[in-house]
Amino acid sequence: MAEQSIEKKVLEQIKKGNRGRLLFAGDFVRLGEQKTINKALERLTNEGVILRISRGIYCYPKIDKVLGLGVLYPTLEDIAEAVAKRDKARIVPTGIYALNRLGFSTQIPMNIVYLTDGSERKLNLSNGATIEFRNAAPKNFAFKSQLAMLLTFAYKNIGKDNIAPEILAHTKELLAKEDRKVIEKDYQLMPAWVSSIIKSLYEEE
């Protein structure tokens, strides 16, 4: 009976929040012993009330009834940001994912890497994807502009000698939508060759 009571309390707490949000086993610690809470979360997963994302991580999913898509799985970005928020850590996307975020690539990676000032870890997700958090120097999190940050890591992934004309053209379009003064404040955080490219794109105006 005690387990049923805790499961009811867990369900009530879940339903108080909005659909689409991420849940952590530790969110329910005040309701009872962690072992009992874990069992309750497992049962609610089996019943289809919540989704198991990774060990100790769940989602109260959104349900799409308009297009008939049904249960919507959270994005890798949603999961990473929820973990970072819980850990009070900052994260920066790198590699192919940074390229995708900027529109430089249509490829959506199944395995993404973030730099973090929090704990290093690798999440193995139930859909087969992985999210890895790697420690990095504080300067990686000092950018004032998210665009400047993404451009820096995307360009570093592409390589100095491999920046194609179409990448430069798209970068110029992105820069036109951003406050130039904010971008300029971040020059000191970029490799010299990256800031040089961005300066040259502004000079083309």
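Here are some worked exercises on the predicted model above.

Before you start, know that residues are numbered from 1 along each chain as its sequence is written, and that side-chain values use heavy atoms, with hydrogens and water left out. In this predicted model, local features need pLDDT of at least 70 and side-chain atom pairs count only at pLDDT 80 or more, while totals for chains, interfaces and linings use all residues.

**Exercise 1: the three-stranded sheet**

Work out in which order the three strands form their open sheet, and which strands stand at the edges.

*Solution.*
- Step 1: The order is S1-S3-S2, with antiparallel pairing. Strands (E, at least two residues) and helices (H or I, at least four) are DSSP runs, numbered from the N terminus. Two strands pair if DSSP finds at least two bridges between them.
- Step 2: Strand S1 (22-24) and strand S2 (51-54) are at the edges with a single partner strand each, so one side of each has no neighbour in the sheet.
- Step 3: From one strand to the next, the twist averages 35°. Angles here run from 0 to 180 degrees between N-to-C directions, and axes are lines fitted to C-alpha atoms, for helices over the stretch in contact.
- Step 4: Zoom in on S1 and strand S3 (residues 57-59), which pair in the antiparallel sense over three bridges. Leu 22 stands opposite Cys 59 in S3.
- Step 5: Now add helix H3 (residues 76-87), which packs on the sheet and touches S1, S2 and S3. The direction of H3 makes about 45° with that of S1. Contact means heavy atoms within 4.5 Å.

**Exercise 2: the four-stranded sheet**

Find the strand order of the second open sheet, then follow its pairings.

*Solution.*
- Step 1: Four strands line up as S6-S7-S9-S8, and the pairing is mixed.
- Step 2: Strand S6 (91-93) and strand S8 (121-124) are the edge strands; each has a single partner strand, so one side of each is left without a neighbour in the sheet.
- Step 3: S7 and strand S9 (residues 130-135) pair in the parallel sense over six bridges, and Val 113 stands opposite Glu 132 in S9.
- Step 4: S8 and S9 run antiparallel, joined by four bridges. Here Asn 124 has Thr 130 of S9 as its bridge partner.
- Step 5: The hairpin of S8 and S9 has five residues between the strands, and Gly 128 in this hairpin takes a positive phi near 95°.

**Exercise 3: two residues, two surroundings**

Decide whether Thr 116 is buried or exposed, then do Arg 43.

*Solution.*
- Step 1: Thr 116 belongs to strand S7 (residues 111-116). Its relative accessibility is 2%, so Thr 116 counts as buried. Buried means under 20% relative accessible area, exposed over 50%, and partly exposed in between (1.4 Å probe, protein chains only).
- Step 2: Ignore neighbours within four places in sequence, and the contacts of Thr 116 include Ala 89, Ile 91, Phe 133 and Phe 141.
- Step 3: Arg 43 lies in helix H2 (residues 34-46). With 27% relative accessibility, Arg 43 counts as partly exposed.

**Exercise 4: how H5 meets H4 and H8**

Describe how helix H5 (residues 146-158) packs against H4 and against H8.

*Solution.*
- Step 1: Recall that two packed helices are described by the angle between their axes and the distance between the axes.
- Step 2: Helix H4 (residues 95-102) and H5 pack at an angle of about 130°, with axes 8 Å apart. H4 and H5 are therefore oblique to each other. Angles under 35 degrees count as roughly parallel, over 145 as roughly antiparallel, 65 to 115 as roughly perpendicular and the rest as oblique.
- Step 3: Among the residues making this contact are Leu 99 and Leu 102 of H4 and Leu 150 and Ala 154 of H5.
- Step 4: Look at H4 by itself: Gly 95, Tyr 97, Ala 98, Leu 99 and Leu 102 are buried. These buried residues pack against H3, S6, S7, H5 and helix H6 (165-176). After H4 comes Gly 103, with a positive phi near 85°.
- Step 5: Turn to helix H8 (residues 192-203): the axes of H5 and H8 come within 10 Å and cross at roughly 115°. H5 and H8 are therefore roughly perpendicular to each other.
- Step 6: Leu 151, Thr 152, Tyr 155 and Lys 156 in H5 meet Trp 193, Val 194, Ile 197 and Ile 198 in H8.
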